Amino acid sequence: MSNPSDWVIRTLTPDDTEKYRPFRLRSLREHPEAFRSSYVDDVHKSFALTRERLAPGGFLGAFDTSGEIIGAVGLVQEAGIKVKHIGTVIGMYVVPEMAGKNLGKMLLLKLIERARLTDGLEHLILTVTTSNRNALQLYQNAGFKIFGQERRAMKVGNEYFDKTHMILFL
């Protein structure tokens, strides 16, 4: 499972809902500081909502040899006429047992490649929890630049987390 040649990265579809949903819930449960969504909110959402989330084809998933999702990242292009040139990177997560194996890098680079081929898309934005140095480094290595900080952007229990805002011009 640790060999990149054993991974398959492809677009997630509604047919992947049964595998994606527990993967997503795991990410929210294990790393509540990383996502604006929460496990408590999402665990009560229906499978139908997850299917809808995957329907536009904006998510990439990485699968191991057993067919389990081990990483995912999404891209949402803004819809309004004045902002359709902006894409937002969302839901980036790689299971901890795959940390340090370049899976996150592979997912992100594939997403950037896809964004460059998307009609009208000119730049990508994202937010990352400021204390997550590994993720921050990953994004910087891919060419993202910091353009702002949002202090106390999230509160998990009694602890606040800052978010760093980043941009990549395509």
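Helix 1 supplies the largest share of the lining of the second largest pocket, four residues, in what is a predicted model, where local features need pLDDT of at least 70, side-chain atom pairs count only at pLDDT 80 or more, and totals for chains, interfaces and linings use all residues. Residues are numbered from 1 along each chain as its sequence is written, and side-chain values use heavy atoms, with hydrogens and water left out.

A pocket here is an open set of points on a 1 Å grid over the protein atoms alone, with protein on both sides within 12 Å along at least five of seven lines; lining residues have an atom within 4 Å of a point. The second largest one has a volume of about 190 Å³, taken as the space filled by probe spheres set on the points. Its lining includes Tyr20, Arg21, Arg24 and Leu25, and it divides into three nonpolar, two polar and five charged residues.

Let's stay with helix 1, residues 17-30 (helices are DSSP runs of H or I, at least four residues; strands are runs of E, at least two). Among its buried residues (under 20% relative accessible area, 1.4 Å probe, protein chains only) are Tyr20, Arg21, Arg24 and Leu25. The buried residues of helix 1 pack against partners that include helix 3 (47-54) and strand 4 (86-94).

Strand 4 leads us on to the largest pocket, where it gives the most to the lining, with seven residues. That pocket has a volume of about 1,100 Å³. Of its 38 lining residues, the closest to its centre are Met92, Tyr93, Asn132, Ala135 and Tyr139.

Conventions:
Buried means under 20% relative accessible area, exposed over 50%, partly exposed in between (1.4 Å probe, protein chains only). Contact means heavy atoms within 4.5 Å. On a 1 Å grid over the protein atoms alone, a cavity is a set of points where a 1.4 Å probe fits but cannot get out, and a pocket is an open set with protein on both sides within 12 Å along at least five of seven lines; lining residues have an atom within 4 Å of a point. Ala, Val, Leu, Ile, Met, Phe, Trp, Tyr, Cys and Pro count as nonpolar, Asp, Glu, Lys and Arg as charged, and the others, Gly among them, as polar.
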